Structure formats: structure tokens, C-alpha cells
Amino acid sequence: MTGLGWSKLVLLVLVGTALAPRAGADRETPPGRDPKQPVDEAYTERIHKYTTEPYFTSPLVDYLPASKTVPTPQAVLGDVAGAPGILPYAEDVYRYMRLLEKATPRVKVFSIGKTEEGREMIAVAVSSEENLKNLEENRARLAKLADPRAIKLDDAEADKLVGEVVPIYYITGTIHSPETGAPTALMELAYRLAVDESPYIKEIRDGTITLITPVVEVDGRDRMVDVYKWHLAHPKQFYPWLVYWGKYVAHDNNRDAMGVTLRLTENVLHTYVGWKAQVLHDLHESVPYLYDNTIGDEPYNAWIDPILADEWQVIGWNNVAAMTKFGMPGVFAHGDFDTWSPGYLMFIAALHNGISRLYETFGNGGADTEERTLQPEQYARTWYRQNPPLPKVLWSQRDNNNYEETGLLTSLHFFTENKQRFLKNFYLKAKRSTMKPSEEGPAAYVLPADDPRPALQAELLQVLERQAVEISRATSAFSVTLPAKKPKEPAKEKDRKEEKSPPPAPTTREFPAGSYIIRMDQPYSRIADALLDHQYWSPDDPQKTPYDDTGWTFGELYHVQVARVTDSKVLDVPMDRVREVHARGGVKGEGTLFAIANRAEPALATLRYKLHDASIEAAEEPFESAGKKFNRGSFLVRNRSRGDLDRAAAELGVQVTALTAPPEVKTHPVRAARIALVHTWLSTQTEGWWRLALDKLGIPYDYLSTQAIAKISDLNGKYDVILFPPVGYNAGVDAVVNGIPTAWGNPLPWKNTPETPNLVGKNDATDDLRPGLGWDGVAHLQEFVERGGVLLTAMDTSSLALSLGFADGVSTQNANKMKIVGSVVEMRLVDDASPIAYGYEEKGAAYCDNGPILSLSSIAGQRGRRRLGPEMRARPTGRGSLDDPDFAVGRPGMEAPEERKSEIWESPPVSDEQKRNGFRVIPPPRRPRVIFRYADSKDLLVSGLIEGGDEIAQHPAVVDAPSGKGHVVLFSINPVYRGETWGTYAMVLNAILNFDSLNAGRKDAAE
Ligand SMILES: [Zn+2]
């Protein structure tokens, strides 16, 4: 207690009292109906009827207050919310919300954007009439808390605002389309919040603005309702699984909050940030009965404000406590969800100074009432689940809605009761984000103006723009001090002692004028920091099952330079705010021949397809012209007017140099290949990201199912390149070739019918989802390659191609202990003369998720070995040492011929013995060619988790395997993933553009 004066102590006590929660236990407003308000008897009766057990409900939702003017959900549904057999389309949900808006001044509906297929997304605000009348004034006040620079970081001013503003609690429903309960729960929730006069609900209505997006994945919702209607119409049959959700991806729509590439993410982000909401609460369904993921398990995301970590605990456990008191079983928090990755939709709030929340409730994937039997681990009592779910129950959609609404209402009430605390925290988090340079660092991230990849740099900056991050641009050159690089620790004690060199000194780095500066003294600094920083997940972490990716560093994945600057002088550099980032492009110089340096920017492929009648060639060697150096793979464009080219290049941020004379360099044509992209009917999740990338780049392709491949006998007549992106779930020969058994059951159609008008959308259709590629399809693909086509595979489809024997001399090995869970790894360029490598440097990062581990062999049919580091040289016991050979007694010694060495990524040399009658020896021109390999074990990790990485270190990462007249291009990495891996897109695009010249620069072994 020394040093703490008496007066200070008093002050502390006083402050402590002032900060204590306003509502003490004795003043808690009891949940439940207001006896003076009449109840809608018929509606209430059906709530009871559809609730399968008395303990699957609560005093908050076991009745519905009556209103003479406001319609209940029955007006649209024809029954109560959660009634069996009823799943409304999004437009029905919207119709109801707009009926509410018409009937009461306590509801307002806002359109927040469109989906990829053109459907509307909405946000519904529910609050008191007065609060909704003052929305704009309230927003202006909230904006000052959200950006404390507006009030000069003045805490007293903030406290005043905290006392005046109405906070915003944003709820989002059914982002995952097979999780169907939220829309009806949210319809009824909106009604209750608008109509119920019980003190408990009135407090929420007066104290908070509840904002609701009842359907996040609108395209997928409509498909799901179709599937459910099909099921109702064919009650005795199996029904199709939801093979498409949104246009592009399925479950991964909830992994897009980093790249913000899907419309639904962008629309929710804009709504969240635009309204200055305090909470984003996303509703899901999986585990019984209500798992509040808010708290989660470790490791926590390293970039969140610790204030948020506290809020998670407070809100999450309160939620459990409130529902425990209602006697509702199966409500818990903590669980097995770690909050490391910021890819989830709810994380928009976590890294924009709000509070992220997520529920998993129990659902039947439709509105059937069904008997559900749980696994022992699901009904076991644990320390964090004191009242666990029951082993076997009859479960209804109404039960689901009861849980969802009860959880939300208790949350809204607790939030409202403590709104001053949460608003103050909202301000404090924003203030601490703004003070990041001085309090914790870094001061800024700098993206230099001389980055050789300006178009990719712009793509990365546009991600930050979508994240509402402020971007500035230096108006003059500047330099900053970079901290000294720590030396890699000396391995041995001896080395350490001998080391006499002085500690490394800090260095300075110059940045040219026009460099982009992401200042960390801004309210949304944390999201920028989280995306641009590096991740490290320790192999010793107690969490052994990461919930999602462990690394994502955007600068690395985009192959764009990003400097993390701790020197706060960077903030004094003269700079302007940038409103819209666009890479500068266009034609410079004089001449009618045009050259474009190749820096592996995807925009080059866009340009090739845009200028479809231009003649474009790629230089097979570096050259100099017009005083400029052009690297291997640079484009030479002819037959296009300067004006056309200038316009296209300016739009794409591609820099073009006009040349007066053609350079003397070997070239080959760069063609706009005819592309097919293959999908299975098992899952379209992972390939969806490939479609998204191609669509964004304006590269046309035909979208074909494996079933379609089986029916096209002359694939070469239609296509030059077939892309077969990863399927997911390690789908092997059995799943992809055989599909789902058709020997029993009924066909599972995926096509538009009067019952299912929304299923197909802009994607693909089939009469039966079950058949796979089939052996006809396998034969067609093989023939395609034999006759000169290029088949490009990645991860599990690479393994598939190898299992099917498509590529001689390449094999896959199973990992023993290796664990690379969605990490950023380092690759090395092996063959810079391959067109697939055009524009790439010696080192580059890529996304890897456990391989596969590829190995080469020059012997057909032989599996390459997985090799770990330099192999031990074996010798038998005898005289001498490892280097000094043994002898044989009684005869002269004979020196063994020297063994030829090879690198781990190479094929071991063909031995003399293998050459004897060597009909299995693959002739050199037919041997696979390694383009990229994984880095050495010590350099492999860029970001995330790598355990046992030596199993894959140095092994091939991208292989070009000749086959017949064509090629199979095999990726062990995933080059096109979640809109995050822009740096590796060009590996795929290079293979496409150079499809008929992939052998360029090939150096064959002598024998
Ligand atoms: Zn979900």
C-alpha cells in the first residue's frame, strides 16, 4: 500500500462504485410476460404444441403477446415460427419484415446490397419509435466513439457520449444454408421486440437498436428451401444434399472475412462498420443445443484487444448462466473452437473494435421434427457443460427457435443493462487502436512505390480498403530505421563462445515517393495489423486441433512487399489519404511493338484474354531493349493499336513499353487457351474459389462436372487446358471415379423444376448427383493428355491423377507426423526456364495444407521414397572411419565407383543396374520436371503451424509431368485459395497461357 495516498484510495473506491454494474441482483428485471398485455392464444398454443419437451423453452418465448395492429409471423408463414414443414424463402422473410415496418414505427428495413446472383440482402432495425426517429443523430454520436480522433481522444467527452447514445447489436442469420432455423427465429424475435410490453423486452427496445440480417447467404437459402420442398414432395425418398450454397462457395462463406471477396461478406462488413455497431452475433447450427462460441478455446487471435477477450468471457458466461436458470439443458460456452483465425464473419466485429459472437444451436437441416441420438462425447458432462444435452430426444425446429430466441433475448437484455460499459469499451478499443503506434507498435506498414508488382500491390491494398482501413501515400521519399535483425541462434555452445562479432546494428530503409503507408494510429489498425503481420502457432501449443488455417500473412500470399515499421518517424512523413487505390498502367515510349515485363501478375492473363486478336509472344530468355531490362516470360505484343493497348493496360495497371525494333530473343506464342474447369458433385466448395478467381480476372472457361467429362469423347476438340481444382475431404479414386453408390436408393436430381426453381442458378445441373467421373471419364482425361492437352491438378486431385497413373515418375507419400494446417510456406524456384515459373523469383510463399508429399523417380512404376535431409552414408563395421574405407584381408582393395548424388526434389540418378535391360527407365524427355520445391526445413515456415516439416521440406511443390503429347501439371500447394493467394495465381495462369509451349527451356538429363 506504500505510495498510495489516502485521498487516492478514496478516489479509487468512489470510481469503483461508479463503475459497478447498474443493475444489482436485487434490481434485476424478471424475464417473462407482462400480465396486463393480452396473449395471442392460438399462436401460443401452437408454440406449446411444437415444443417437444417443457424444458426446451423459457418464460421469454413460451407465449406470444397479441397486437391489434402488428401481424405475427403467421401472416407470412401460415403457421408459427419454427412450425414443422415450413421453411420460408428469403423473400418471404423480407415480406414479413416489411409488413412489420408498415405496421409499426418500431421497425425499419434497409436494403444492404445484392448477392452474386442478384438477390437482395436486408438489415432490419428494431427499437423504440424515438430511437428509430433519431437514427442519424445517434449514428453521428456513435461515429465519434468509433473514431476517437473526432473528439481528440477526450475521455470526458466520450463519457458524455456514452451516456447519450443508443448502442447497436447486430444479429446475422443462416450464413450456412443447411442450418435452417434462424430466419423464422429472427422473424419472431423482431415481432417480440416490437410488440412485447413486458419490462424485460421494453428495456431492450428502449435501450438498444437491434439490427437483424435474417438471411446472410440468400442464394443458398433459396436453394435449401427448394431441396426441403423437394423432400416434402417426395417423403419416402432420399433427397439431394446441398451441393451449391452461394454461387461460389459453400461452408467457406464463413471464412471470407479476411479477403472480403464474397458479396455477403462485403455487405455485412459495410453494414457493421456503417452503423458503428458494437456487436456482431452470427447464428449457426451444429452441436446440441446451444453452444455459445463467443468465448472459445485457446489460442486466441493474437491481434485482438484484451478488452475484447474479457467481454467474450463476460457475455458468454452470462448467456450460459441466464439459460441455466431457465433449466434449459445443453447450453454451454468454452468448447473446442479456437479464435485464432480472423476469417469468420463474426470476426469483422472482433477486429473492428466490436464484440464478435457466434451460436451453434441444434438443427435438423430442415423443418422436420425428428428423433435425434447423440454421441457419448456430445452428452457427457464437462466442467464447462454442467447441464449437458440429453442422449436421445425428439427435436423440432420450434425447439431450435426457442433456444435461439431465448439466447438472443437474454443477450440483448444483458447487453442493454450494461450498455454503458460496452459503449465505453467500444470507445476504449477504438482509442487503443488509434494509440497503437505509441502503446504497442508497429507504427505503420509500408508498401513501397517501387514494388515490381504494382497490380498485385493494388489488389492487396483494395482488401484493406474493403476492410475500411485508411490508406495514405507518401508525397516524398523517406527513410525509417528498421530494428536490427536478430542473428539465428548459434547451434552449439562452442560457437556461441567463439562469437566475437558485435551485435547487429539497426539499419535504415529508404522508400520512394508514392509509397503506401498504412498508419497504425487509426481506429481500424487492428485488422490491417492482423492481415499484414506474421503468424506463429507453436507445435507445442496445447491446442492440437486448429479449427481453421493457422497462417495467412497477406503480403506473403500476394507476393507483394510489405514492411512492418516500428519507427514512429514514419507517421511524420508528408502523405495524402488515398480514396481509391489503382495501379498505374499504360503504354510508354515510341514504337509499334510493345513489351511487358512479366512479374507473375494475374493481370497479364486478363490482358491476353481481353486482347484476344492480338499476337502475343513470350520471351524465353531475358533481354534488353529501349534501355530497359525484360525478364524471361515477358510479353511482346503485336497487331494491336497503341490506343487499344493503352486503354486496356491502364485499366489493369499493367505497364507497357513501346519498342522501335524487335529484340533478338527466342519466343513462343502466348495463347488464350480454351479452358474447362472440372467439378465433382461431391463438393463444390474448394473449386468455387478457383471460379471466383477466374471470373474476377475475366478469364472465360467452361464449367463441367465429372459426369460431363465422362460423356465428352473428344475433349481436345473443345479444350486446351482442363483445370481440376481440389475436391476437399481427400476425395480419392473411390469417391471421385465411382461417386455415390447407385445400386440402391433413388436418383438425387439437381435441376430446376416447378418444385425447385432456384437450385441451379448460374452453376451446373444433373439428373442424379450420385454418379462420378466413371472409367469413361478417366479414359477421356487420359486421352486428352495423351493427345496434347494440359491437365492441371492440386492437392487431392494431384493425388488422384497419380493414383490413376496419369504421370510417370511422380508418386505421393503419406506423412507420418507432419502437421501443416493451412499455413504459409516458403518455396524455392527450381526451373526458372519453365513457362510455369515466368515472373517468379528465387523465393516465394504459398498456401499449404498438409501436402501431398510428392517424390520423383526415373523408373516407371516405382514409388519415389520420402527422403529426410542428407541421407546417412552407410558402411559396414570394419577398420577405418566413415570417410576412410574398410579393407578385405588377403586381397588388394578395390575402390567403389562414386555414387551420383541427387537433391531431394530430383529423381535419383538411374543406376547402372537399373539400366540393364532398362525397359522401365523413363527416357529423359518424358521425365517429370520440378518447377518449384518446398524450402529447406529451417526456412519452410513463413506463417502458421508446421510440425514435422522435414517430411515435405525440399520435396517438389509444383511438377510438370509430360504425358504423351501433353502434360499433367501437379500442385502440392493450393495456388488458388479463398481469394487470399493472389501471389500463386500466376502459376496456374502461366500453365494456361503457355499450354502448348510448356517444354520451353527444358533441359533433359543426358541419359
Ligand atoms: Zn455454420
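The legends below describe close-up views of a predicted model.

**View 1. The zinc ion and its donor residues.** The zinc ion is coordinated at 2.1 to 2.4 Å by ND1 of His176, by OE atoms of Glu179, listed twice among the donors, and by ND1 of His284. The angles among the 4 donor atoms run from 55 to 150°, and the site is classed as irregular. Along the chain the donors follow the spacing H-x2-E-x104-H, and the two histidines link distant parts of the chain, His176 lying in the loop between β3 (168-172) and α8 (182-195) and His284 in strand β5 (residues 279-285), 108 residues apart. His176 is buried, with a relative accessible area of 2%, and His284 also counts as buried, at 2% relative accessibility.

**View 2. The largest nonpolar core around Val958.** The largest nonpolar core holds 245 residues, of which Ile518, Leu723, Trp750, Phe932 and Val958 touch the most other members. When neighbours within four places in sequence are left aside, the contacts of Val958 include Ile836, Arg929, Phe932, Leu970, Phe971 and Met987. Another core, of 34 residues, lies apart from the largest one and has Ala676, Leu715, Phe724 and Ala731 among its members.

**View 3. An open sheet of mixed pairing.** The 6 strands of this open sheet are arranged in the order β20-β26-β21-β25-β22-β27, with mixed pairing. Because β20 (586-588) and β27 (667-669) each have a single partner strand, one side of each of these edge strands is left without a neighbour in the sheet. From one strand to the next, the twist averages 30°. Within the sheet, β21 (residues 593-596) and β25 (residues 635-638) pair in the antiparallel sense over 3 bridges, and Phe594 stands opposite Val637 in β25.

How values were computed: Residues are numbered from 1 along each chain as its sequence is written. This is a predicted model: local features need pLDDT of at least 70, side-chain atom pairs count only at pLDDT 80 or more; totals for chains, interfaces and linings use all residues. Side-chain values use heavy atoms; hydrogens and water are left out. Donors are N, O and S atoms within 2.8 Å of the metal (3.2 Å for Na, K and Ca); water is not among the atoms, so sites may look incomplete. Four donors count as tetrahedral if all angles lie between 85 and 135 degrees; four count as square planar and six as octahedral if opposite donors are over 155 degrees apart and all others between 65 and 115; anything else is irregular. Helices (H or I, at least four residues) and strands (E, at least two) are DSSP runs, numbered from the N terminus. Buried means under 20% relative accessible area, exposed over 50%, partly exposed in between (1.4 Å probe, protein chains only). A nonpolar core is a set of buried Ala, Val, Leu, Ile, Met, Phe, Trp, Tyr and Cys residues joined through side-chain atoms within 4.5 Å. Contact means heavy atoms within 4.5 Å. Two strands pair if DSSP finds at least two bridges between them. Axes are lines fitted to C-alpha atoms, for helices over the stretch in contact, and angles run from 0 to 180 degrees between N-to-C directions.
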